[in-house]
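Please open the structure in your viewer, with residue selection and distance tools to hand. The tour below moves from one selection to the next and says what is to be found at each.

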Amino acid sequence: MFDTENLRQELFNLRDEAYRDFQAKIVPNIAKEKIIGIRTPVLREFVKNYFRDGDAEEFLNDLPHKYFEENSIHALFISELNDFDECLTAIKIFLPHVDNWATCDSISPKIFAQHTAELDAEISNWLTSAQPYTVRFGLSMLMKFYLGENFDVRHFERAAAIDSKHYYVQMMAAWLFATALAKHFDAAIKFLTERRLSPRIHNRTIRKALESRRITSEQKNFLRGLKL
């Protein structure tokens, strides 16, 4: 039977206090006492060795988690689920409990690559959520699965309509459109020339694009002229 306190004791045995201090700085909205301080490779290895048959399911149902690392473990499990419906259900349950960018960005289900048609409708729901990290997750899924062979401008119409005041939503939206500029410049640039993005996302997109090595000097000069 799964034992939450035993899991936490084992996690604290892996604590790296210097790394905890570092994490507290890069995830500032999480209270420092909620961060144990475990490097990702160490945490991945721990997950492989700790969980036995049945334990993982019980852990996933034990929400909300107390510590940042418990949420990280949850994200790792979801990312490895190989049944689309099971994975989608698990994500819908977990997303309301996601409260920081690092946990959000660590949810990266491999199975989604095989179900982009079904995923499309779910992304629409995530992008209109009142929860900022659910919106960020939806944007991250657009960037991961719809900038390659599945690219279609219509997928980005919904993202362009976002006018969030939340910093981490704005940054993910800017990252998405800057990456789109690097891969599909002619299609993506219209969102800037036509001022389809909110002013903050517009300018942050340009800033991130100017940092990209995949965008030409000529394109960067053009982007500089579009700053608001």
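Axes here are lines fitted to C-alpha atoms, for helices over the stretch in contact, and angles run from 0 to 180 degrees between N-to-C directions. Helices (H or I, at least four residues) are DSSP runs, numbered from the N terminus. This is a predicted model, in which local features need pLDDT of at least 70 and side-chain atom pairs count only at pLDDT 80 or more, while totals for chains, interfaces and linings use all residues. Residues are numbered from 1 along each chain as its sequence is written, and side-chain values use heavy atoms, with hydrogens and water left out.

Begin by selecting helix H6 (residues 84-94) and helix H8 (residues 116-127), whose axes come within 12 Å and cross at roughly 5°. That angle makes H6 roughly parallel to H8, a label given to angles under 35 degrees, whereas angles over 145 count as roughly antiparallel, 65 to 115 as roughly perpendicular and the rest as oblique. Show side chains for Phe84, Leu88, Ile91 and Lys92 of H6 together with Glu118, Leu119, Glu122 and Trp126 of H8, which make the contact, contact meaning heavy atoms within 4.5 Å. Sorted by type, the residues of this contact are five nonpolar, no polar and three charged, where Ala, Val, Leu, Ile, Met, Phe, Trp, Tyr, Cys and Pro count as nonpolar, Asp, Glu, Lys and Arg as charged, and the others, Gly among them, as polar.

Keep H8 selected and add helix H9 (residues 132-145). H8 and H9 have axes 8 Å apart and pack at an angle of about 150°, which makes H8 roughly antiparallel to H9. On the H8 side the contact involves Thr116, Leu119, Ile123, Trp126 and Leu127, and these meet residues of H9 including Thr134, Val135, Phe137 and Gly138. The contact of H8 with H9 divides into 10 nonpolar, three polar and no charged residues.

Now centre on Thr134, which lies in H9. Is Thr134 buried or exposed? Thr134 has a relative accessible area of 4% and is buried, since buried means under 20% relative accessible area, exposed over 50%, and partly exposed in between (1.4 Å probe, protein chains only). Not counting residues up to four places away in sequence, Thr134 touches Leu95, Trp126 and Ser129.

Next, go to Tyr19 in helix H2 (residues 17-26). Tyr19 is buried at a relative accessible area of 14%, and its contacts, leaving aside neighbours within four places in sequence, are with Gly37, Ile38, Arg39 and Thr40. A distance label between the C-alpha atoms of Tyr19 and Ile38 should read 6.9 Å, although the two residues are 19 residues apart along the chain.

For a contrasting selection, pick Val42 in helix H3 (residues 40-50), which counts as partly exposed at 37% relative accessibility. The C-alpha atoms of Val42 and Arg15 are separated by 9.9 Å, with their positions 27 residues apart along the chain.

Then select helix H14 (residues 199-210) and helix H15 (residues 217-224), whose axes come within 10 Å and cross at roughly 155°. H14 and H15 are therefore roughly antiparallel to each other. Here Ile206, Ala209 and Leu210 in H14 meet Lys220, Leu223 and Arg224 in H15, and the residues of this contact divide into four nonpolar, no polar and two charged.

Finish at helix H11 (residues 167-183). Of its 17 residues, 14 are buried, so H11 is largely enclosed by the rest of the structure.

Definitions and conventions: Helix = DSSP H or I, 4+ residues; strand = E, 2+ residues; numbered from the N terminus. Expected span 1.5 Å × (residues − 1).
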